[in-house]
Amino acid sequence: MSAVKIVASIFNLFFPRYCVLCNQRLTISEHHICQQCFSALPLTQGHYMPGNIMEQSFWGLMPIERATAFFYYSAHEVRTLVHAAKYHKHPMVAQHVTQMLTRDMIPSGFFKSIDAIIPVPIHTMRELKRGYNQSLYIAQGISIETGLPILPHAVIRTRYTDSQTHKNVMERRENMENVFRVVDNKSIKGKHLLLVDDVITSAATISSLALELTAAGCSKISILSMAYASPHIILPQP
Ligand SMILES: [Zn+2]
C-alpha cells in the first residue's frame with residue numbers, strides 16, 4: 001500500500017464520510033455517494049442519442065441543437081439526490097455524479113461542437129440564502145471532463161420568482177417571462193452554448209433563458225440537466 005493510501009485510510013478511520021443517499025459509511029475510493037446507490041440510479045440510457053424524449057419536448061417550442069438528461073426525476077433515488085444537492089448543502093454530489101456520467105458520454109460526440117457552458121442562474125437573494133448555485137456544480141462536473149469553459153456571469157436572473165411547483169404549464173411560462181438578462185454579450189456572441197440545470201420540468205425556465213441568449217446573439221443552444229421530469233417515458237429505438 002502506498003503512503004498516500006495509508007494516510008487516506010487513517011484519515012477515513014478518524015474522519016468518516018457518509019453517502020448522501022443511504023448514509024452508509026463511504027470507502028476510501030468513494031466520494032459523496034456509495035457505489036451501491038450510484039449503481040441504483042435509473043439512467044435514461046439513450047440520453048445521448050439524437051431524438052431522445054427530452055429533445056422531443058422542445059420540438060415546436062424552440063430551436064435546439066441537442067438536449068439530454070442523465071436521470072428520470074420520477075425515481076425516488078433521483079429526487080433524493082437532487083434535493084441533497086439543491087436544498088441540503090451537498091452540491092458536490094451533483095458535480096461528482098455529473099463528472100462520472102460526462103466521462104461516459106464524451107465518445108457519443110454530444111459535447112463536440114459546444115463552445116461554453118452556462119449554468120442556469122438563480123437570483124442573487126436565493127444564492128445568498130442557499131449559499132451556492134447547484135447548477136454551477138453540475139457545470140463544473142462537465143467542464144472538468146470536457147475542458148469546456150463555464151460562463152457563470154454572462155447572464156443574470158433579474159427577478160425572484162415564486163416556486164413553480166403548484167403552477168400549470170401556461171402559468172409557469174408566464175411566470176418566467178423576461179426573468180433573465182444577458183450582461184456580457186461579447187462572451188456569448190456566435191457561440192454554441194450548453195445550458196445546464198438540475199431538473200427540467202415544463203421547460204419554462206430553460207426556454208426563457210434560451211430566448212434571451214438567442215436574442216443576445218448566441219448561435220446555437222444545447223441543454224443538459226441531471227434529471228428530466230416527464231410524464232411519459234418513451235425512448236427512441238437505437
Ligand atoms: Zn449510498
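1. A good place to start is the middle of the sheet, where strands β5 (192–200) and β6 (residues 220–228) run parallel and are joined by 8 bridges. One pair you can pick out by eye is Val 199, whose bridge partner in β6 is Ala 227. Please keep in mind as you look that this is a predicted model.

2. Zooming out, the chain has 10 helices and 6 strands. Of its 238 residues, 39% count as buried. Among contacts between residues at least 6 apart in sequence, 75% join residues at least 24 apart.

3. The sheet itself is open and has 4 strands in the order β1-β6-β5-β2, with parallel pairing. At its edges stand β1 and β2 (116–119), each with a single partner strand, so one side of each has no neighbour in the sheet. On average, neighbouring strands of this sheet are turned by 20° against each other, direction ignored.

4. Now to the edge formed by β1 (67–72). This strand pairs with β6 in the parallel sense over 5 bridges. Within that pairing, Thr 68 has Leu 224 of β6 as its bridge partner, and Tyr 72 stands opposite Tyr 228. Although β1 is an edge strand, 6 of its 6 residues are buried.

5. Its partner β6 is also well covered: 8 of its 9 residues are buried, so the strand is largely enclosed by the rest of the structure.

6. At the other edge, β2 runs parallel to β5 and is joined to that strand by 4 bridges. Pro 119 of β2 has Val 196 as its bridge partner in β5.

7. Which strands does α7 lie across? Helix α7 (134–146) lies across β2, β5 and β6, and runs at about 125° to β5. Another helix, α10, packs on the sheet and touches β5 and β6; the direction of α10 makes about 165° with that of β5.

8. Helix α10 (residues 204–215) has a length that checks out: at 1.5 Å a residue, its 12 residues should span 16 Å, and the end C-alpha atoms are 17 Å apart, which agrees. Its buried residues are Ala 204, Thr 205, Ile 206, Ser 207, Ser 208, Leu 209, Ala 210 and Leu 213. Just after α10, Gly 217 takes a positive phi of about 110°.

9. Helix α5 (residues 91–105) passes the length test too: its 15 residues should span 21 Å at 1.5 Å a residue, and its end C-alpha atoms are 21 Å apart, which agrees. Buried residues of α5 include Val 93, His 96, Val 97, Leu 101 and Met 105. What do the buried residues of α5 pack against? They pack against β1, α4, α7, β5 and β6. As a reminder for reading such a helix, an α-helix has 3.6 residues a turn, so residues three or four places apart point the same way.

10. The meeting of α4 (residues 76–86) with α5 deserves its own look: the two axes come within 6 Å and cross at roughly 125°. That angle makes α4 oblique to α5. The contact is made by Leu 81, Ala 84 and Ala 85 of α4, together with Pro 91, Val 93 and Ala 94 of α5. These contact residues divide into 6 nonpolar, no polar and no charged.

11. In the loop between α4 and α5 you will find Lys 89. This lysine has a positive phi of about 60° although it is not a glycine. Is Lys 89 buried or exposed? Lys 89 is exposed, with 12 other C-beta atoms within 10 Å.

12. His 32 makes a useful comparison. This histidine also is not a glycine, and has a positive phi of about 70°. His 32 sits in the loop between α1 (3–14) and α2 (35–40). With 23 C-beta neighbours inside 10 Å, His 32 counts as buried.

13. One last residue to visit is Pro 63, in the loop between α3 (53–56) and β1. Pro 63 counts as exposed because there are 11 C-beta neighbours inside 10 Å. Which separation is found between the C-alpha atoms of Pro 63 and Ser 222? They are separated by 9.3 Å, although the two residues are 159 residues apart along the chain.

Methods. Residues numbered from 1 in each chain as written. Predicted model: local features only at pLDDT ≥ 70, side-chain atom pairs only at ≥ 80, totals over all residues. Axes fitted to C-alpha atoms, helices over the stretch in contact; angles between N-to-C directions. Helix = DSSP H or I, 4+ residues; strand = E, 2+ residues; numbered from the N terminus. Parallel < 35°, antiparallel > 145°, perpendicular 65-115°, else oblique. Contact = placed C-beta atoms within 7 Å. Nonpolar A, V, L, I, M, F, W, Y, C, P; charged D, E, K, R; others polar. Buried ≥ 20, exposed ≤ 12 C-beta atoms within 10 Å, placed from the backbone. Expected span 1.5 Å × (residues − 1). Pairing = 2+ DSSP bridges.
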